[in-house]
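Open the model in your viewer and have the selection tool ready. The tour goes from a pair of helices to a single helix, and then to the contact of two chains.

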Amino acid sequence: MGRTLAEKIWDAHVVRSAEGEPDLLYIDLHLVHEVTSPQAFDGLRNAGRKVRRPDLTLATEDHNTPTDNLVTIADPVSRTQLETLRRNAAEFGVPLHSLGAAEQGIVHVIGPQLGATQPGMTIVCGDSHTSTHGAFGSIAFGIGTSEVEHVLATQTLPQSKPKTMAVNVTGRLRPGVTAKDLILALITQVGTGGGQGHIVEYRGEAIRDLSMEGRMTICNMSIEWGARAGMVAPDETTFAYLKGRPNAPAGADWDAAVEYWRSLVTDDDATFDTEVTIDASAVEPFVTWGTNPGQGAPLSATVPDPASFADEAARTAAERALTYMDLTAGTPLRDIGVDVVFLGSCTNGRLEDLRAAAEVISGRQVADGVRMLVVPGSAKVRAAAEAEGLHEVFTAAGAEWRFAGCSMCLGMNPDVLSPGQRSASTSNRNFEGRQGRGGRTHLVSPAVAAATAVAGHLAAPADL
Amino acid sequence: MQKFTVHTGTGVPLRRSNVDTDQIIPAVYLKRVTRNGFEDGLFSAWRNDPEFVLNNESFAGGTVLVAGTDFGTGSSREHAVWALQDYGFKAVIAPRFGDIFRGNALKGGLLPVQLPQDAVETLWKLIEHDPSTQIAVDLVQREVRADGQSWSFELDDFTRWRLMEGLDDIGLTLRHEADIAAYESGRPSFKPSIATA
């Protein structure tokens, strides 16, 4: 019987398999950042262990870094955490892209950008959005600090094989509808726990049509519906993206790699444990109204009535969410005014995202009383955007053009919402307090973010 | 890691679903580089509310958290497990867990116990009716017992054995160092490697 893409990659990485035990999986690439690694390096030191494969390990600084300058880290606790990573990287020989370096950026942006993320790999990082890298046809998943230490010490992880799931995306996205709208619509359809215990493969014409950036946006948010990992089979789009990048294979290695990568498809006679279908042609610009990514609706809809949810847990969660978000059932989503617009993050901080927003905002102005932050996902994305003049489009509109980092996605650096402030954000989580204590988040696409900045309330480009 | 066999203690009823790890411990507490003392961050936003269950004296000293479905979704932060443990919890019971949280908890010896929704509802009522209700979380028998009732739960044999013995995963893996080296010698040359200093 045939195998799924996930099963092929899994099987190719089993170091050891024994009845009644988890498989021992080899890890091709371990990405590291400052937040989830200090206690892991301490663990190595305490046990007298070293990093087994520094050459398969790549570190960056992103969560704590400021985005208004490249020198001063005002918060001493943040500074200590970054300095700790620098010391650990030096002591253990791990390559690190520090604040100010040409390749610094959000960990899930720099891996693909360097060509270090490739099809058929196993990739882990102490960060749940590691699922982003699955866009290249790899098994990529987030791990905790104990597992970070385990990978540093052994370059392997004991893992029980997850189940497999296919998301069959039928039809094609309509003009003006993006990868972000599709994934937000899917999460609302299946719920935040819908993918639990599964590696998910996104399939279908609408997925094939997407650029690598769009595929990364989709895979990035796999964790938001509980999936262990999300992936897209590699194709010509993938190969074209990778060719010539610093860590991509070259010469004969390139040919050998591409030959192997072409085999990385789910066989016709393979079966998935679970299948889900979503009609891409029915998706509209989509936003969230609640406090988890599954509480979303088309922009054309109204804030739902909690009583309309049949499931009691969903009803209670909706009631809580409306209270926290200070929203009233029945309010058109387009009537919701915002204070802040955040364009960036590992979900939507790549060049294509900045281009999409710039196209909308070009020649227009950010509405009075609205603050818009534009935060490139990496220093390289920032440089590429500037080479195209995108920074001038944003600053002319009244938006802030900032340095690379996680920024306002998670409230760990100076970019935070004040209590009660409302944002339209291209990031991935609308949890209570995620962007700063008491902050209220609506998840949106880059195009909706830009239109919202101009309108001052949730809006699509077509509304302007 | 401490061995886990049977833990008996009182419960704390957390009647909420979708408790993501940002709620368990907000990002601002993640800046620390040490391994201990995360209890002050546990549910820190919710603890400002006097009505929040952790502020209810009746449940003080509870060691078994009983929560709604999809507990521990979101961020991979293991600090969520550390915060629960540092506060004094030994086990969390919920109808479903976020995968990464569950994995982290099993690494650190905080037992995540998946029970059906109706069992969780029963436990909530028992605890709320009598906060001194003793809840036994029995890893050996793979069952939870309270007030004369019992519910079995699933956990694979290997993980159960590792927790009962209190074994360190890295030490176990390094017993297979020869297998790792053999695998490495066969990796294709086109796999990426990162230039090191």
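This is a predicted model. Begin with helices α2(A) and α5(A), which are oblique to each other. The label follows from the angle, because angles that are not under 35 degrees, not over 145 and not from 65 to 115 count as oblique. Here the axes of α2(A), residues 38-47, and α5(A) cross at roughly 50° and come within 8 Å. Turn the view until one helix lies over the other: the crossing of α2(A) with α5(A) is right-handed.

Next, select the residues that make this contact. On α2(A), pick A:Q39, A:A40, A:G43 and A:L44. On α5(A), pick A:T145, A:V148, A:E149, A:L152 and A:A153. Five of the residues in this contact are nonpolar, three are polar and one is charged.

The spacing of the picks has a simple background. An α-helix has 3.6 residues a turn, so residues three or four places apart point the same way.

Now select residues 212-220 of chain A, which form helix α8. Are the residues of this helix buried or exposed? A:M212, A:E213, A:G214, A:R215, A:M216, A:T217, A:I218, A:C219 and A:N220 are buried. That is nine of the nine residues in α8(A), so the helix is mostly covered.

Last, show chains A and B together. How many residues does each chain bring to the contact? Chain A brings 69 residues and chain B brings 51. On the side of chain A that touches chain B, helix α5 (residues 145-154) gives the most, with seven residues. That side of chain A has 24 nonpolar, 31 polar and 14 charged residues.

Terms used: Residues numbered from 1 in each chain as written. Chains lettered and ligands numbered in written order. Predicted model: local features only at pLDDT ≥ 70, side-chain atom pairs only at ≥ 80, totals over all residues. Contact = placed C-beta atoms within 7 Å. Helix = DSSP H or I, 4+ residues; strand = E, 2+ residues; numbered from the N terminus. Nonpolar A, V, L, I, M, F, W, Y, C, P; charged D, E, K, R; others polar. Axes fitted to C-alpha atoms, helices over the stretch in contact; angles between N-to-C directions. Left-handed = near helix turned anticlockwise from the far one by under 90°. Buried ≥ 20, exposed ≤ 12 C-beta atoms within 10 Å, placed from the backbone.
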